[in-house]
Amino acid sequence: MEPSYRIVPPSQIKTASISDTAGSLGLHDTLHYGIRSIATEMRGGQFENRIAKWEETQDNARLHMLANLYGPSAPMRLLMERQIVSASPHMPGMPQSNIHLDILMGRDETLDPTDFFLGLESGPPLSIHNEMEKKLRL
């Protein structure tokens, strides 16, 4: 947990394109600017990076505010509870969802596509006993 009140993630992608990193000979300076990536040149790297790290930044700000309000033990306890809940096994043959982790992360009142499409395109398993035998290797 990085102590920060930042609401929006910083733009951390360092693009290395020929136009920005050309040396005296007009070639890309790999040692100074890093490996050139066509993927970062083709897409809008800064915006995608901010979208990808949005939840992480929001969570970090919430944990930092918890630490300032209730002391450092409050976010440590919450992180410990999240770790315990995320490691708990789920019932074989049933769709994998972790409602406990969603509650601890504050996602219990939001609707995402994963709430509707849990990988059940083919339908539920016909026999939970077969699924248990596969999991337990019997």
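Helices here are DSSP runs of H or I with at least four residues, numbered from the N terminus. With that in hand, a good place to step into this predicted model is Lys53, which sits in the loop between helix H4 (45-52) and H5. Lys53 counts as partly exposed, at 29% relative accessibility. Along the sequence Lys53 and Val8 are 45 residues apart, yet their C-alpha atoms lie 8.7 Å from each other in space.

Before following the chain into H5, let's take in the whole fold. The protein has 9 helices and 0 strands, so a walk from the N terminus reads α-α-α-α-α-α-α-α-α. Of its 138 residues, 18% count as buried. Take the contacts with a separation of 6 or more: residues 24 or more positions apart account for 53% of them. As for the outside, the protein exposes about 11100 Å², and carbon and sulfur atoms supply 59% of that area.

Back to H5, then. This helix covers residues 54-70. H5 has 17 residues and reaches 24 Å from its first C-alpha to its last, close to the 24 Å expected at 1.5 Å a residue. Thr57 belongs to H5, and its side chain reaches back to the backbone oxygen of Lys53 at 2.8 Å. So the loop residue we started from is met by a side chain of the helix that comes after it. Thr57 itself has 11% relative accessibility and counts as buried, because the cut-off for buried is under 20%.

Thr57 has company in there. The buried residues of H5 are Thr57, Gln58, Asp59, Asn60, Ala61, Leu63, His64 and Ala67. What lies over them? The cover for the buried residues of H5 includes H6. Once H5 is over, Gly71 follows, with a positive phi near 100°.

Now pick Asp59 out of that buried set, since the salt bridges of this region run through it. Side chains of opposite charge can pair when their charged atoms come close. Asp59 forms a salt bridge with Arg82, with the closest N and O atoms 2.8 Å apart. This pair links distant parts of the chain: Asp59 is in helix H5 and Arg82 is in helix H6 (residues 73-86), 23 residues apart. Both Asp59 and Arg82 are buried; for Asp59 the relative accessible area is 13%.

Asp59 has another partner inside its own helix. The side chains of Asp59 and Arg62 meet in a salt bridge at 4.0 Å, N to O. The spacing along the helix helps make sense of this pairing: the two residues are 3 apart in H5, which means they are separated by about one helical turn. Unlike buried Asp59, Arg62 is partly exposed, with a relative accessible area of 44%. Arg62 also brings us to the wider arrangement, in which salt bridges that share partners join Asp59, Arg62 and Arg82 into one network.

How many salt bridges does the model hold by this rule? The count is 4. Besides the pairs around Asp59, one of them joins the side chains of Asp102 and Arg107, at 3.0 Å, N to O. Arg107 is partly exposed, with a relative accessible area of 28%.

Last stop: the C-terminal stretch. Here the subject turns from charge to nonpolar surface. Ile128, Met132, Leu136 and Leu138 make a nonpolar surface patch of about 390 Å². Ile128 is in helix H9 (residues 128-136) and is partly exposed, at 32% relative accessible area. Ile128 qualifies for the patch on exposure because patch residues need over 30% relative accessible area.

Arg137 is found in the segment after H9. At 76% relative accessibility, Arg137 counts as exposed, because exposed means over 50%. Its backbone deserves a look as well: phi of Arg137 is near 55°, a positive value in a residue other than glycine. Most residues other than glycine have a negative phi. Gly71 after H5 has a positive phi too, but Gly71 is a glycine, whereas Arg137 is not.

Methods
Residues are numbered from 1 along each chain as its sequence is written. This is a predicted model: local features need pLDDT of at least 70, side-chain atom pairs count only at pLDDT 80 or more; totals for chains, interfaces and linings use all residues. Side-chain values use heavy atoms; hydrogens and water are left out. Buried means under 20% relative accessible area, exposed over 50%, partly exposed in between (1.4 Å probe, protein chains only). Patches are made of residues with over 30% relative accessible area and no salt bridge: like charges are joined within 9 Å, nonpolar side chains (Val, Leu, Ile, Met, Phe, Trp, Tyr) within 5 Å. Accessible areas come from the Shrake-Rupley method with a 1.4 Å probe; for residues, only the protein chains shown count as cover. Contact means heavy atoms within 4.5 Å. A polar contact is a pair of N or O atoms within 3.5 Å; within protein, one must be able to donate a hydrogen and the other to accept it, and residues adjacent in sequence count only if both atoms are side-chain atoms. The expected span of a helix is 1.5 Å times one less than its number of residues.
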